[in-house]
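Opening a fresh page for this one. I'll jot things down in the order I looked them up.

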Amino acid sequence: MAETLTRTGERLAAPPPSAVRRLRHAIGRVLYRIPAARLALLLGPILLWMVVIYLGSLGLLFVTSFWRQDSVTGAIVQNWGLTNYQFLVQEGVYRTIAIRTVGIALAVTVTDIALAIPIAYYAARIASPRVRTLLLLSIVLPLWSSYLVRVYAWRTILSGDGVLNWSLHHVHLGSVNLGFSRWSLWIVFSYLWLPYVTLPVYAALERIPNSLIEASTDLGARWRTTFRRVILPIAFPGIVAGSIFAFSLTLGDYIAPDLVGDTEFIGNVIYQNVGIANNIPFAAAYAIVPALVMGVYLLIARQLKAFEAL
Amino acid sequence: MDSLPAASQPQPRVAAAEVRLEGLRKTFGDVVAVAGVDLEVREGEFFSLLGPSGCGKTTCLRMIAGFEEPTAGRIVLHGRDVSGLPAYERDVNTVFQDYALFPHMTVHDNVEYGLVVKGIGRAERRRRVGEALTMMRLDRLDRRKPGELSGGQRQRVALARALVNQPRVLLLDEPLGALDLKLRQAMQIELKSIQERLSMTFIYVTHDQEEALTMSDRMAVMNQGRVEQVGSPAEVYERPATSFVAGFVGASNVLSGDAALAITGHRQAITVRPEKIRLGSAEEGEHADEVSALGVVRDVVYVGAFTRYVVELDAGGELVVLQQNLTMSSMDVLQARGRRVRLFWNRQHSRVIATVGGDQKKEEIG
């Protein structure tokens with residue numbers, strides 16, 4: 001070890017280990033002996049990100065929501081109070097917008113689950129490996145294009161003189177007015193978040209061993225019973241995981257309502273208050289609403305034991 | 001049954017065939033898994049399908065269960081052709097190799113499942129589930145989930161879940177494969193006694209010849225999608241019909257060609273079990289009903305209770321001989337290497353067999 005051979009066969013004494021090398025060895029030995037040090041190195045950076053930056057700003061948001069904007073000067077006054085929340089409850093329009101947002105989010109979630117289960121089931125349990133790869137690829141393919149592109153594409157399809165009405169007109173079925181409505185929002189959101197729901201459902205279904213389904217059939221269950229009593233309960237955590245994506249992504253969106261909808265979402269109100277009105281305390285208070293809704297959603301999911309099998 | 005008038009008894013008089021496979025074939029693409037199998041399993045019989053992996057035994061079982069559609073042939077269950085019926089309409093239940101217990105249900109719910117989906121009333125369900133759990137000694141585990149059970153316990157749940165439905169036929173697909181040796185031997189005895197107590201027809205798939213020999217009433221030895229021999233364990237073991245059976249069921253010696261000619265006077269291949277051969281001194285003479293052959297001990301393996309000798313015959317070929325270590329110590333037996341010996345066996349213990357392949361089966365007739 002201490003000696004090396006040169007090409008001519010001469011023996012040379014190895015140079016003494018450099019300071020850097022010694023330091024690296026020392027660090028290596030410390031990491032080897034102290035598991036906590038290894039863990040700190042492994043998780044430290046991401047924990048810093050999650051706790052300090054993410055949770056920190058969430059905390060700031062919460063704090064800000066108790067401040068208020070001076071109605072005359074427009075300046076932010078750091079006075080503690082429930083003014084913003086009072087305003088939220090008293091003004092019917094904010095309640096309506098919140099309920100509408102949650103309602104459409106739920107509709108989108110249910111739609112995506114209903115669409116994802118058959119696709120995922122086919123991909124996971126029926127399709128040949130080649131078809132499965134193609135199918136999964138086509139499910140994630142839309143994610144490679146920009147969100148805006150996808151929303152604008154739907155705008156062109158659904159708008160009054162868009163592709164949909166053009167086609168309907170040419171087969172003499174009249175026309176529909178889907179563009180810029182709640183229906184178009186529902187359709188576009190369901191399309192946007194479908195990959196996020198399909199993939200976890202696929203993963204859950206794919207994990208179910210074939211023999212479980214055979215065992216159910218063997219014990220006398222028809223396909224429907226097997227699906228309801230065996231497949232669905234086992235895949236349930238995956239379905240809930242997917243639903244969390246669809247629900248939370250809809251809840252927080254403010255671009256699609258602008259581009260294809262005729263209504264405002266919670267996000268739009270927040271955006272206007274931050275960007276236009278500069279009423280950041282009110283925006284913060286309203287932002288607490290979807291955070292609370294999401295918290296309740298996760299609690300229910302936990303109550304349904306959706307996290308136990310993860 | 002014989003005394004009944006023929007008019008009122010349209011059934012054949014032979015013990016009813018519970019399961020009959022007629023010309024059963026199954027191919028997966030180009031691969032022939034089952035290449036024409038005809039079998040009859042009798043009522044109340046413990047019947048084993050024995051063979052190496054890939055011989056088609058599991059595919060046969062899966063076709064009886066209804067998990068695979070036969071490519072050709074018929075499956076007759078208790079006189080009724082079930083070939084086209086879905087699995088849930090067949091009066092058979094399966095114990096799976098991996099147990100296939102429902103992970104989200106308790107032991108109790110797993111066992112109850114078959115009764116629930118068939119719409120059996122609550123009172124009867126409770127009674128039958130209770131009986132099944134008691135029979136498999138699972139009473140105190142009924143609230144556990146499969147994940148909280150040991151391998152042996154899961155095995156018993158899988159059995160209880162199948163038996164509670166009182167099927168005509170229970171299909172078992174290498175059910176003991178995942179258990180350790182001690183547990184496996186205990187479960188062999190338990191399975192056999194359950195089968196006898198319920199007098200239920202069991203079809204048992206295994207690649208373990210010892211399992212098949214100890215548990216079965218009759219067995220079929222399968223190879224490359226075909227049945228090589230059907231018979232009681234004693235028949236299959238003592239009188240293997242083909243060289244494959246001779247080689248697969250128990251260790252066996254096969255002598256053919258010149259070696260066979262020199263020893264028996266015929267060219268037909270013969271087989272003789274290692275434990276049927278006696279190792280004697282070269283000078284010893286043979287008895288009237290014995291066959292003998294001279295040779296040299298080439299190898300000796302001391303296995304504790306017995307010793308395995310490999311003897312190279314003067315006539316060509318070699319024979320494996322098992323001898324109990326009645327008076328010998330390990331020191332004694334190891335000195336036998338290189339010694340000239342004469343091997344003796346009773347004429348009736350060697351058997352003429354067909355060698356590999358169908359065309360050579362004709363030799364059997366001779």
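How many helices and strands does chain B have? I get 10 helices and 18 strands for chain B, going by DSSP runs numbered from the N terminus (H or I and at least four residues for a helix, E and at least two for a strand).

Housekeeping before I go on. This is a predicted model, where local features need pLDDT of at least 70, side-chain atom pairs count only at pLDDT 80 or more, and totals for chains, interfaces and linings use all residues. Residues are numbered from 1 along each chain as its sequence is written, chains are lettered from A and ligands numbered from 1 in the order in which they are written, and side-chain values use heavy atoms, with hydrogens and water left out.

**Chain B overall**

I boxed the C-alpha atoms of chain B along the principal axes and got roughly 80 × 50 × 50 Å. Of the 366 residues in chain B, 48% are buried (under 20% relative accessible area; exposed is over 50%, partly exposed in between, with a 1.4 Å probe and protein chains only). I then took the contacts in chain B with a separation of 6 or more, and 64% of them join residues 24 or more positions apart (contact: heavy atoms within 4.5 Å).

**A loop in chain B**

Next I clicked on B:Glu283, which is in the loop between β13 (278–281) and β14 (290–302) of chain B. Is B:Glu283 buried or exposed? B:Glu283 is exposed, at a relative accessible area of 71%. I also ran a distance to B:Leu179, 104 residues away along the chain, and the two C-alpha atoms are 49 Å apart.

**Cysteines**

I searched all chains for disulfides and found zero (the cut-off is a pair of cysteine sulfur atoms within 2.5 Å). B:Cys55 is in none, and the nearest cysteine sulfur to it belongs to B:Cys60, 8.1 Å away. B:Cys55 is buried, with a relative accessible area of 1%. B:Cys60 is buried too, at 0%.

**Where A meets B**

I noted 17 residues of chain A in contact with 24 residues of chain B. The buried area is about 1700 Å², with carbon and sulfur atoms giving 63% of it (accessible area, 1.4 Å probe, that two parts lose on being put together, summed over both). Which residues of chain A lose the most area to chain B? They are A:Glu214, A:Asp218 and A:Leu219, together 39% of what that side buries.

I count two salt bridges between the chains (a side-chain nitrogen of Lys or Arg within 4 Å of a carboxyl oxygen of Asp or Glu). B:Arg62 and A:Glu214 meet in a salt bridge, N to O at 2.6 Å. Seven residue pairs are in polar contact across the two chains, both at pLDDT 80 or more (N or O atoms within 3.5 Å; within protein, one must be able to donate a hydrogen and the other to accept it, and residues adjacent in sequence count only if both atoms are side-chain atoms).

On the chain A side, α9 (210–218) and α10 (223–252) each give two or more residues. The largest share, seven residues, comes from α9(A).

**A strand residue in chain A**

Last stop was A:Gln69, in strand β3 (residues 68–69) of chain A. The side chain of A:Gln69 makes a polar contact with the side chain of A:Asn279 at 3.3 Å. A polar atom of the A:Gln69 side chain is also 3.2 Å from the backbone oxygen of A:Asn278. Leaving aside neighbours within four places in sequence, A:Gln69 has contacts including A:Gly74, A:Ile76 and A:Pro281.
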